[in-house]
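I sat down with a fresh page and a cup of coffee to look through this one. Here is the entry I kept along the way.

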Amino acid sequence: MSGKIIVALFASVSCLCFASEAAAIDASSSTEPTVIYARQPAPPAPVRMASAERSNMGGGFIEFLFGDAPQGGRYQQPVYQQQPDYGYGGRRALLPPMDPQQSMRREEEEAVDPAQHRLDPKYEKQVVEYHGKESPGTIVIDTPNKFLFLVQGDGKALRYGVGVGRPGFTWSGVKTISAKKEWPAWTPPPEMLARRPDLPRHMEGGPQNPLGARAMYLGSSLYRIHGSNEPWTIGTNVSSGCIRMRNEDVIDLYGRVGVGAKVVVI
């Protein structure tokens, strides 16, 4: 019995010595015990801040990405309001196909210089104030500004846009209307044929005639106030000295003045 007790005590002492030695080894390799924690959720990502005071980037998400260091309030993702459908199911209504003839007409119009179809509104016929010294019935042609005035009296005049002579072909003076013709024929003078030998020697009156629908001849000179089949040239320096008007305007003026009317060109 005593032998068994001695063996048991010896075994207990051995276990205690081994445990003490193991504890010393652990203490020498690590000063703190290893602790295993339960899995924790990942920490939230840091939130960038956008300053409400900076507006040079337009604010919002762009400034949030490229702005300077945070200075104030937390960035808020913008909320976009859904737009109404307006009954189209999210799709645009398609235009019907263009008629082939309509497409051809559009191509022809685009091939022509668009400037040939525009007239500055200031060259439209209109009633304006007139404070000059000329008497009613007198025609006054303002060459630099491309206007023709028909004096009406009472401080008023009818004003029309005109085309005038090219540089080197402008002139000034006082003339009278010596003749009037409807749809006049055109015979280029020798001086013009010398410059332009390609011109026809004679052209009967009509829509293609460069003198247009009406002509009023100025004294014994070669100059005329006449219509034009090129209305887009009104308001420009274009002629060899004649005063050209739109056909509708020259018809209107033709009916208002007679032979012998005074014409002042300035």
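My notes below go from the overall picture to single side-chain pairs.

**Entry 1: overall picture**

I reminded myself at the start that this is a predicted model. I looked up confidence before anything else: the mean pLDDT of the protein is 73, and 56% of the residues reach at least 70. Residues 15–38 fall below 50, and apart from near neighbours in sequence this stretch makes zero contacts in the model. I found another stretch under 50 at residues 47–111, where the model has 35 contacts beyond four places in sequence. Note to self: low pLDDT means that predicted coordinates should not be read in detail.

Next I checked the fold in numbers. I get five helices and 11 strands for the protein. Of its 266 residues, 29% count as buried. The exposed area is about 18800 Å², with carbon and sulfur atoms supplying 57% of it. I also looked at contacts between residues at least 6 apart in sequence, and 59% of these join residues at least 24 apart.

**Entry 2: salt bridges**

How many salt bridges are there? I count eight.

I started with Asp252 and Lys125, whose side chains meet at 3.4 Å, N to O. Asp252 belongs to helix H5 (residues 247–254), while Lys125 is in the loop between helix H3 (100–111) and strand S1 (126–129), so this salt bridge ties together parts 127 residues apart in sequence. I checked both partners for exposure: Asp252 is partly exposed at 21% relative accessible area, and Lys125 is partly exposed at 36%.

Then I moved to Arg244 and Glu230, a salt bridge of 3.2 Å, N to O. Arg244 is in strand S10 (residues 243–244) and Glu230 in the loop between strand S8 (224–226) and strand S9 (237–239), which puts them 14 residues apart. Is Arg244 buried or exposed? I find Arg244 buried, at 11% relative accessibility, whereas Glu230 is partly exposed at 31%.

I also noted Arg246 with Glu248, a salt bridge of 3.2 Å, N to O. Arg246 counts as buried at 11%, and Glu248 is partly exposed at 48%. Following the links outward, I got a network of salt bridges made of Glu124, Arg246, Glu248 and Asp249.

**Entry 3: aromatic rings**

My search of the whole structure turned up three aromatic pairs. One is Tyr123 with Phe147, a tilted pair at 5.6 Å centre to centre and 45° between the planes. Tyr123 is in the loop between H3 and S1 and Phe147 is in strand S3 (residues 147–153), so the pair ties together parts 24 residues apart in sequence. Both are buried, Tyr123 at 9% relative accessible area and Phe147 at 10%.

Trp171 and Tyr223 came next: their ring centres are 4.7 Å apart and their planes at 10°, so I logged the pair as stacked. Trp171 sits in the loop between strand S5 (164–165) and strand S6 (173–182), and Tyr223 in the loop between strand S7 (214–218) and S8, so parts 52 residues apart in sequence are tied together. I have Trp171 as buried at 16% and Tyr223 as partly exposed at 26%.

I added one grouping: Tyr123, Phe147 and Phe149 form one aromatic cluster.

**Entry 4: charges over a ring**

Which charged ends sit over the ring of Tyr254? I found Lys180, at 4.2 Å from the ring centre, and Arg214, at 5.5 Å.

Definitions and conventions. Residues are numbered from 1 along each chain as its sequence is written. This is a predicted model: local features need pLDDT of at least 70, side-chain atom pairs count only at pLDDT 80 or more; totals for chains, interfaces and linings use all residues. Side-chain values use heavy atoms; hydrogens and water are left out. A salt bridge is a side-chain nitrogen of Lys or Arg within 4 Å of a carboxyl oxygen of Asp or Glu. Helices (H or I, at least four residues) and strands (E, at least two) are DSSP runs, numbered from the N terminus. Buried means under 20% relative accessible area, exposed over 50%, partly exposed in between (1.4 Å probe, protein chains only). Contact means heavy atoms within 4.5 Å. Accessible areas come from the Shrake-Rupley method with a 1.4 Å probe; for residues, only the protein chains shown count as cover. pLDDT is the predictor's confidence in each residue, from 0 to 100. Rings of Phe, Tyr and Trp (its six-membered ring) pair if their centres lie within 6.5 Å; planes under 30 degrees apart count as stacked, over 60 as edge-to-face and the rest as tilted. A charge sits over a ring if NZ of Lys or CZ of Arg is within 6 Å of the ring centre and within 35 degrees of the ring normal.
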